[in-house]
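Reader: I've got this one open on my screen and I'd like to zoom in on a single spot before anything else. Could you walk me through it, then work outwards from there?

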Amino acid sequence: MTSGTGLERNRRPGSSALRPLVALVGNPNTGKSTVFNRLTGLRQHIANYPGVTVEKKSGTLRSGGVELDLLDLPGCYSLTAISKDERVVMDVLSGQRGLRRPDLLVFVVDATNLKRNLLLVSQCAELEIPAVIALNQGDAARRNGVHINAPLLLKRLGIPVVETVATRGRGLDALKHAITAALESPTLLPRIVWPDCITRACAMIGAGLSGQGRGDVRQAEALRALFDSNGIFASEVADKTSLKKLIDSAHNEIRSTGLNPGSAEAVLHYRHIESLLDGVVEASGPIARTHEGIDGLLLHRVWGTVIFLGVMYIVFQSLYSWAAPLMDLIDSASGAVQDMIRPWLAGMPVLESLICDGIISGVGGVLIFLPQILILFFFIALLEDTGYMARAAFLVDKLFSWCGLNGRSFVPLLSSYACAIPGVMAARTLADPKARLTTILMAPFMSCSARLPVYILLIGTFIEPLYGPIAAGCTLFAMHFVGLAMALPLAWVLNKFFLKIKPQPFILEMPSYRIPTLRNIFQRMWERGREFVLRAGTVILAFSVIIWALLYFPRDPAVEVATTQAFLNQMATGQPLEEVQAALGNPDSALSAALSNRIDAAYIGQSFLGRFGKAVQPVFEPAGFDWKITVGVLSSFPAREVIIATMGIIYNLGSNVDEGSEDLRSVLQNEKWQSGPRAGQPVYTLPVVLGIMVFFALCMQCGATVAVIARELNWRWAAFSFFGMTALAWLSAVLIHQIGSRL
Amino acid sequence: MSDTLESLPVGGEAEISEIRTDCDRAGRMSSLGFIPGRRVRITRVAPLGDPISVRIDGQEISLRRAEARIIGIRNPKP
């Protein structure tokens, strides 16, 4: 009665750590997340498992006055821990790495594919944790002509079996009851009877390991070591060579009976399952698969490709254009809040600037990504829930497989053309950690919409007037492929020589087509949006305050005095000093605006970042950048789109310029070197202009992306990505300038 | 060497005879149902020639040719 006393203790109110822990386990695409969402509602918490970037979703389940902790484990097909997701499942189920072992497992089982779903169940039986089965999607199974005799299944398995249709909320109350009842009087699954060769092999491993002072080795652990030579159990044994020897001889034991040690586990479990299911599953006539006809169209060589391109076009258009009005709204709302607050802080310029230019614009800079994130995850949820995502990956896998990515990389990379932030987050749809890592590192190379203003400004100012609109159009088009053309070979190099992660076979189940529910889709959008704001958003905000400080301080008042004096002296040469002073007395006059722009430019030149820009200008000298371009480039590291406003300030035009500004264009065209070997020559030659554009195409000038990569992977990869891309951008700009100016 | 799943044409059907490796991939393939004795049919090939999609035990699964090569077959029916 140990579990009984445990329950008594667990029921003490208010002590959440002692509440019973129930874990949801199941294959991918079984509706497990829907069951989880339905059971917990919005009482959910998303975090990561310790040390890995696998999402840990937990929530509270209330049933009959009892509160339980419900854990949604990542979907997996078997306990063979190859991927991180599967390792986490094994860690939790065996209570390793300080994780709490669940008191009860709820297997969410897809009735349309019962046999394969029971493999995981049969493997978990070895762990001897009480269990309940939620037999989901029985409606779809019936439509396919499959009838499942649930009472007989219950009898065979000896644990509660509850029929559910999670998407419609059916059977969930019964499931809740079954969960609480099972915690009261737990029942275990029947265990497979292993053939002698496996029992002998397990005994060999058990004896060998306890000989190494590992204490008693349970059968379940020995089995994992036997069938899972790269799994967690093996990774925790100190003496790898003797473990390998041990496992090799155990494998030979299995081989001697004619079984393949790699597939023996599944083969034996499937035999066990087939005997359990005898008479349980009845197919009435030939199994009618609704998806065969749809697949014939959606995976057709021609029509499938056309439909794929159409679907992706809609996804991209909605990210690129439909998000724009919402983003403008956030932008102007942030401006309005600033204008509202400014008068209250008028006497305190530092505080005014910190709150308005630092914090409020920083918050705006976080929220501005939300529309694209929400729209993208709306489509991702839609594509995954309908079953189309796997088909899309099938269609385009070949485009990416050569460089270590796979078909599932397409959506993250495509959406990165609008913005890398949702793209990096979307890489979660890749189960293979190596492909996911590579996809995340390649996403910032895609030409996001924040790069467009730079291209438009420079192409409109230099390419179009000199070479005509066709050349301008071609340049713009080419700029969108520079990043991609660089990224895919880089991914290949990275995978071939640097990433020491084992590649995984790209094996995809084509799930049945389903009608998605809005409830599920909105829940996904809400989860992602919330996570971005809470986790990445705080880092992005911190970045923007730091950059604000670097551009604001030291703010020596002498700069303003000296600039004003110089301005007065310059103006007074053409007209009486009194007139100039009178004009400056009116804050709305053109002269006042010109002076204020001069002062802003002087302050930016004197700021820490401005000084740094001047100091590092020699680094950018080989690319032909003067100090103004250098400061512009440096100040756009937090967010590349600010380059236009910074250029406006540096060239005395104020920050209210845009990429179409005629003033800015003519200033750039007439900008000449003030001193040095090229004194008097124009700064913006064709190689410099192309160099700047390629620099922007390849450089990671986006603090938000760095923060999101750090969040999705870790800070080391974020730093690698940042420094690697910056170095590559610099090198490319230098090469273009050096080669271009010698032609 | 006998045939592998990769050599089967679209629409062709055969029985799985063996998994020709005992590494991780064998575990992964077998847990999805690629085990000796079951019948498998190639339903289609992706527009770019790889991966292929197969029907096995009532489920539709897509795999790359590299993985199809580790699955030995017998008694093919084109």
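Which residues in α16(A) meet which residues in α17(A)?

Author: Sure, and keep in mind that this is a predicted model. On the α16(A) side you want Leu383(A), Glu384(A) and Thr386(A), and they meet Tyr388(A), Met389(A) and Ala392(A) in α17(A). Sorted by class, that contact has four nonpolar residues, one polar and one charged.

Now for the geometry. Two packed helices are described by the angle between their axes and the distance between the axes. Here α16 covers residues 370-386 of chain A, and its axis lies 5 Å from that of α17(A), at an angle of about 90 degrees. Since angles from 65 to 115 degrees count as roughly perpendicular, that makes α16(A) roughly perpendicular to α17(A).

Stay with α17(A) for a moment, as it takes us over to the other chain. In total, 35 residues of chain A are in contact with 32 residues of chain B. The elements giving two or more residues to chain A's side are α4 (114-125), α12 (264-277), α14 (303-341), α17 (388-401) and β10 (508-509). Of that side, α17(A) supplies the largest share, six residues. By class, chain A's side divides into 18 nonpolar, 10 polar and seven charged residues.

Next, look at β10(A), because this strand pairs across the two chains: two bridges link β10(A) in the antiparallel sense to β4 (residues 59-63) of chain B. Click on Glu509(A) and you'll find its bridge partner in β4(B), Ile61(B). From there you can trace an open sheet of six strands, with antiparallel pairing, in the order β10(A)-β4(B)-β3(B)-β2(B)-β1(B)-β5(B). Its edge strands are β10 of chain A and β5 (71-77) of chain B, each pairing on one side only.

Over at the β5(B) end, β1 (residues 13-19) of chain B is joined to β5(B) by five bridges, and the two run antiparallel. On its other pairing, β1(B) is joined to β2 (residues 39-45) of chain B by three bridges, again antiparallel. A handy residue to click on is Glu13(B): its bridge partner in β5(B) is Lys77(B), while in β2(B) its partner is Arg41(B).

Let's go back to chain A and pull the view out a bit. Its secondary structure comes to 32 helices and 10 strands, and the C-alpha trace spans about 105 × 60 × 60 Å along its principal axes. Of the 743 residues in chain A, 45% are buried. Taking contacts between residues at least 6 apart in sequence, 71% join residues at least 24 apart.

For a strand with plenty of cover, try β4 (residues 66-72) of chain A. Five of its seven residues are buried, so β4(A) is largely enclosed by the rest of the structure. It pairs with β1 (residues 21-26) of chain A in the parallel sense, over four bridges, and with β3 (residues 55-63) of chain A in the antiparallel sense, over seven bridges. Asp69(A) is the one to highlight here: Leu21(A) stands opposite Asp69(A), and Asp69(A) is also the bridge partner of Thr60(A). Between β3(A) and β4(A) there are two residues, making a hairpin, and Gly64(A) in that turn has a positive phi of about 50 degrees.

Among the helices, α9 (residues 219-227) of chain A is mostly covered, with eight of its nine residues buried. Those buried residues include Glu221(A) and Arg224(A), along with Leu223(A), Leu226(A) and Phe227(A).

Finally, here's another helix pair to set beside the one you asked about. Helix α30 (residues 686-698) and helix α32 (residues 715-740) of chain A have axes that come within 8 Å and cross at roughly 165 degrees. That makes α30(A) roughly antiparallel to α32(A), and their crossing is right-handed. On the α30(A) side, the residues in contact include Leu690(A), Gly691(A), Val694(A) and Phe695(A), and among those they meet in α32(A) are Leu728(A), Ala729(A), Ser732(A) and Ile736(A). By class, this contact has 12 nonpolar residues, four polar and no charged ones, while the contact of α16(A) with α17(A) has one charged residue.

Key: Residues numbered from 1 in each chain as written. Chains lettered and ligands numbered in written order. Predicted model: local features only at pLDDT ≥ 70, side-chain atom pairs only at ≥ 80, totals over all residues. Axes fitted to C-alpha atoms, helices over the stretch in contact; angles between N-to-C directions. Parallel < 35°, antiparallel > 145°, perpendicular 65-115°, else oblique. Left-handed = near helix turned anticlockwise from the far one by under 90°. Contact = placed C-beta atoms within 7 Å. Nonpolar A, V, L, I, M, F, W, Y, C, P; charged D, E, K, R; others polar. Buried ≥ 20, exposed ≤ 12 C-beta atoms within 10 Å, placed from the backbone. Pairing = 2+ DSSP bridges.
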